[in-house]
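Student: I've got a model open and want to learn my way around it. Can we go through it piece by piece?

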Amino acid sequence: MHRGLGSAFRVVKMTACGAEPQILVQYLVLRKDLSQAPFSWPTGALVAQACHAATAALHVYRDHPHTADYLRELGRMRKVVLEAPDETALKELAETLQEKSIDHMLWLEQPENIATCIALRPYPKEEVNQYLKKFRLFK
């Protein structure tokens, strides 16, 4: 069991009405087609891909203030896992995120070099929703 490290994971956003907490979310986009024929990867293998991508993004962007805030209270982390229909959609999203300077990791399963998942560093959802709205929750 982990210990809560305080409630400082929220970024404070100043508004006209004063300070309001801004919730940070780590978004993951996982390839749905890998769970279907002809791939038929087991559920555990897909979950592992999302875990790899999330861990890599948190590590690579560990010095970003949003990531540090997100990790301060482990019991309050929020993740949203979305599905991409196939590799093409995943790679197109990666290109868009790169063009828009959205910090992310495209996880490539080795040794096959297969793109399986994208994990963004933690963001306020308002900053990244526009790039993710066409993807639905992973089922």
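Tutor: Sure, and keep in mind that this is a predicted model. Let's start with helix α3, whose buried residues are Ala-89, Leu-90, Leu-93, Ala-94 and Leu-97.

Student: Over what arc do the buried residues of α3 fall, seen down the axis?

Tutor: An α-helix has 3.6 residues a turn, so residues three or four places apart point the same way. In α3 the buried residues line one face of the helix, because seen down the axis they fall within an arc of 140 degrees.

Student: Which exposed residues does the face of α3 turned away from its buried side carry?

Tutor: Exposed here means over 50% relative accessible area. On the face turned away from the buried side of α3, the exposed residues are Gln-98 and Glu-99.

Student: What do the buried residues of α3 pack against?

Tutor: One partner is a helix, α4 (125–132). The others are strands: β3 (24–31), β4 (79–84), β5 (104–109) and β6 (114–120).

Student: How far apart are the end C-alpha atoms of α3?

Tutor: Helix α3 runs over residues 87–99, which is 13 residues. At 1.5 Å a residue it should span 18 Å, and the model agrees, with the end C-alpha atoms apart by 18 Å.

Student: Which residue caps the N-terminal end of α3?

Tutor: Look for a side-chain oxygen 3.3 Å from the backbone nitrogen of Thr-88. That oxygen belongs to the cap, Asp-86.

Student: Now strand β4, where Glu-83 is found. Is Glu-83 buried or exposed?

Tutor: Buried means under 20% relative accessible area. Glu-83 has 8% relative accessibility, so it counts as buried.

Student: Which side chain makes a polar contact with the side chain of Glu-83?

Tutor: The Glu-83 side chain also reaches a backbone nitrogen, that of Lys-139, at 3.1 Å. Its side-chain partner, at 2.7 Å, is Arg-136.

Student: The charged end of Lys-32 sits over which ring?

Tutor: Lys-32 is among the contacts of Glu-83, and so is the residue you're asking about. The charged end of Lys-32 lies 4.9 Å from the centre of the ring, which belongs to Phe-138.

Student: And which ring does the charged end of Arg-31 sit over?

Tutor: Here the distance to the ring centre is 5.5 Å. The ring under the charged end of Arg-31 is that of Phe-39.

Student: Last one: how many aromatic pairs are there in the whole structure?

Tutor: To pair, ring centres must lie within 6.5 Å. A search of the whole structure gives a count of zero.

Conventions
Residues numbered from 1 in each chain as written. Predicted model: local features only at pLDDT ≥ 70, side-chain atom pairs only at ≥ 80, totals over all residues. Heavy atoms only, no water. Phe/Tyr/Trp six-rings, centres within 6.5 Å; stacked < 30°, edge-to-face > 60°. Lys NZ or Arg CZ within 6 Å of the ring centre and 35° of its normal. Helix = DSSP H or I, 4+ residues; strand = E, 2+ residues; numbered from the N terminus. Expected span 1.5 Å × (residues − 1). Buried < 20%, exposed > 50% of the residue type's maximum accessible area, 1.4 Å probe, protein only. Arc of directions from axis to C-beta. Contact = heavy atoms within 4.5 Å. Polar contact = N/O pair within 3.5 Å; in protein donor to acceptor, adjacent residues only side chain to side chain.
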